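Please keep the sequence and the 3D view open side by side while reading this note. Each numbered point is meant to be checked against the model before moving on to the next.

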Amino acid sequence: MHSAYKKWILNSYDKINSDYVELDKLDQLVGDGDHGSTIYKGITIAKQLYLNNLNSPLDETMAIISKQMRIEMGGASGILMSIFFDESGKIDKSNLNSSIIDIFEKSIDKIMKRGKVKAGDKSILDIYIPVLNFLKKNSDFQFKKNEINEILSLSLAKTKEMEAQVGRAKFLENRGLGFIDPGAKSTEIILREYFESLL
Amino acid sequence: MKKIINNKDQIVDDMLSGYIKANSDRVKFSNNSKRIILRSHPKNIEKTAMLIGNGSGHEPIAMGWVGEGLLDANVVGDIFAAPSGDLIFEGIQIFKENSGCILLISNHAGDVMNGEMAIELAKEHNINADLLLMYDDIASAPRGSEDQRRGGAGTTFIYKILGALSEMGEKKETLLSLGKFVRDQTRTLSIAVASGVSPISGEKIFHLDDDEVFIGMGVHGESGYGRQKISSSKKIIKLMMDKIFDDYKYKEGDIVVPFINGSGATTLMELLIIYNDVEEYLAQYKIKIYKPLINEYITTQESAGFSISLLNSNEQMRDLWISPSSAPYFHL
């Protein structure tokens with residue numbers, strides 16, 4: 001799986017490298033304007049560490065990346081966004097579909113517990129949960145990359161109509177209504193690249 | 001952005017380096033991290049250690065309050081971002097031989113998540129550490145949902161009072177219960193007058209018109225009661241104090257400790273005018289005042305505005321409030 005994961009991390013880096021200024025601008029509307037820079041810092045360290053740990057077992061590499069992302073990024077986004085990177089190391093090539101579902105289930109469970117967040121709160125969960133629901137309903141999801149991409153786009157757009165129940169946006173006058181959630185946006189980028197590289 | 005800095009990515013490290021050099025008689029970096037500030041003269045290990053993790057950009061807190069009689073350590077995050085749970089845990093580990101350790105966390109999402117993670121790691125390593133969640137900002141959640149409120153400037157009372165009592169060797173459980181009691185007797189309300197500029201984005205953190213103020217805004221521009229036209233100090237103070245008095249039932253003879261905190265660009269002239277009006281408001285209800293703290297301590301860059309925090313005190317709290325401290329930026 002190393003080659004697919006390498007592609008995932010490097011492509012995510014490239015995409016975030018080109019989008020992070022835009023993400024900062026989005027975060028200025030609902031947060032403190034640094035989400036893009038923060039995720040760029042995280043994915044930069046992920047890229048460096050991936051290239052340094054190409055010969056280690058995948059789960060060890062991803063655990064190292066996850067921990068360092070958490071440390072470099074800090075804040076709520078560091079601790080929540082690094083969860084998927086850690087869980088993703090548990091992928092099983094011989095049992096691809098069920099291991100991907102397992103990765104999503106465990107990530108969602110940990111994000112909910114750590115972030116005290118639920119579906120509809122306008123957070124990264126509002127990307128993960130619709131994707132998991134699709135994966136569970138479609139046992140042949142490895143042939144449905146386009147549909148997964150549509151789910152990602154649609155889920156992200158839906159966060160625009162949500163009022164934030166968590167994080168700093170919760171305390172805005174309009175609770176972020178009318179704006180997509182910056183964390184959901186960066187999660188959408190990372191998951192799109194994940195399926196793009198894996199399937 | 002008009003700020004005197006060097007490399008944007010080095011702001012926090014450059015600042016901390018300057019701080020340690022300037023106060024090397026009282027504070028130092030930990031051996032393993034230049035994001036952990038410690039007292040130069042540590043407490044005896046028989047005493048409970050007091051730590052806080054917080055994002056930077058709000059100086060002088062919390063690094064400025066590391067010192068004898070106050071905090072034992074500050075774990076410093078990036079600008080407006082909580083330090084990771086891993087780094088906070090590293091801070092806690094420094095005190096693993098102490099009889100106990102209290103991690104103070106001001107109630108903001110990232111701080112809480114990372115603080116809780118650090119405490120879980122500490123427990124896994126059999127370190128006697130607990131988290132004390134601090135909240136006081138009445139604009140952020142209604143009565144009855146106090147634990148949903150954000151941590152504001154009134155958290156200062158917990159830092160100082162527990163810091164002083166821990167220095168005397170009081171045990172952790174007593175410190176925690178006093179900390180919660182202080183928290184329950186504290187109310188804070190803030191007002192924003194003009195936004196500061198984020199050193200990360202180079203943009204203003206929030207927008208207010210020239211003739212507008214925002215009652216109840218949080219330290220990062222979070223919303224509160226709403227916008228209104230600017231008016232005299234007396235009118236603004238009456239409005240704010242009425243809200244505080246609606247939230248907490250003060251009675252004649254109560255002795256409160258007031259803390260008037262500037263947000264970064266509020267002049268001492270204004271803060272003293274504000275204090276004068278707060279004192280007059282309290283006097284009309286025959287509420288006594290004890291040793292106020294007035295200055296800019298919990299800031300958000302060059303934001304203009306202030307907060308009023310009131311601690312309804314008892315004798316023990318008052319004694320601990322005025323007990324000496326060597327922290328470089330705490331001056332009663």
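The points below go from confidence, through the chains and their contact, to single residues.

1. The first thing to keep in mind is that this is a predicted model. For the complex, the predictor gives an ipTM of 0.91 together with a pTM of 0.94. In chain B the mean pLDDT is 96, and 100% of the residues in that chain reach 70 or more.

2. Chain A is built from eight helices and zero strands, so that reading along its sequence gives the pattern α-α-α-α-α-α-α-α. The radius of gyration of chain A is 16 Å, close to the 16 Å that the globule rule gives for 199 residues, and chain A is therefore as compact as a globular protein of that length. Its C-alpha trace spans about 50 × 35 × 30 Å along the principal axes of chain A.

3. Within chain A, buried residues make up 52% of the 199 residues. If we take the contacts in chain A between residues at least 6 apart in sequence, 62% of these contacts join residues at least 24 apart.

4. How many residues does each chain bring to the contact? Chain B brings 25 residues and chain A brings 23 residues. On the side of chain B that touches chain A, β4 (73-79), α2 (85-93) and α3 (109-124) of chain B each supply at least two residues, and α3(B) gives the most, with five residues. Sorted by class, that side of chain B has ten nonpolar, eleven polar and four charged residues.

5. The largest nonpolar core has 144 residues, and those that touch the most other members are L51(B), V66(B), L71(B), I92(B), L103(B), L104(B) and I161(B). Helix α1 (residues 2-30) of chain A gives the most to this core, with nine residues, while domain 1 (8-184) and domain 2 (186-321) of chain B each provide at least three residues. As background, nonpolar side chains tend to be buried together in soluble globular proteins.

6. I92(B) is a useful residue to select in the viewer. Leaving aside neighbours within four places in sequence, I92(B) is in contact with L51(B), C101(B), L103(B), A118(B), A122(B), I127(B) and A129(B). A second, separate core of five residues includes I79(B), F80(B), A81(B) and A82(B).

7. F80(B) deserves a further look, since it has a positive phi of about 60 degrees although it is not a glycine. F80(B) is found in the loop between β4 and α2 of chain B, and it counts as buried because it has 28 C-beta neighbours inside 10 Å. Q301(B) also has a positive phi, of about 55 degrees, although it is not a glycine. Q301(B) is found in the loop between β12 (293-295) and β13 (304-312) of chain B, and its 20 C-beta neighbours inside 10 Å are why Q301(B) counts as buried.

8. Please also check two cis peptide bonds: E59(B) is joined to P60(B) by one, with omega about 15 degrees, and I61(B) is joined to A62(B) by another, with omega about -10 degrees. P60(B) has its place in the loop between β3 (48-56) and β4 of chain B, and A62(B) has its place in the loop between β3 and β4 of chain B.

9. Is F181(B), in helix α5 (residues 172-184) of chain B, buried, partly exposed or exposed? F181(B) counts as partly exposed, because it has 15 C-beta neighbours inside 10 Å. From C-alpha to C-alpha, F181(B) and I158(B) are 9.2 Å apart in space, although 23 residues apart in sequence.

Definitions and conventions: Residues numbered from 1 in each chain as written. Chains lettered and ligands numbered in written order. Predicted model: local features only at pLDDT ≥ 70, side-chain atom pairs only at ≥ 80, totals over all residues. Contact = placed C-beta atoms within 7 Å. Helix = DSSP H or I, 4+ residues; strand = E, 2+ residues; numbered from the N terminus. Nonpolar A, V, L, I, M, F, W, Y, C, P; charged D, E, K, R; others polar. Core = buried A, V, L, I, M, F, W, Y, C linked by C-beta atoms within 7 Å. Buried ≥ 20, exposed ≤ 12 C-beta atoms within 10 Å, placed from the backbone. Domains from an automatic or database assignment. Rg over C-alpha atoms; globule rule 2.2 N^0.38 Å. pLDDT = per-residue confidence, 0-100.
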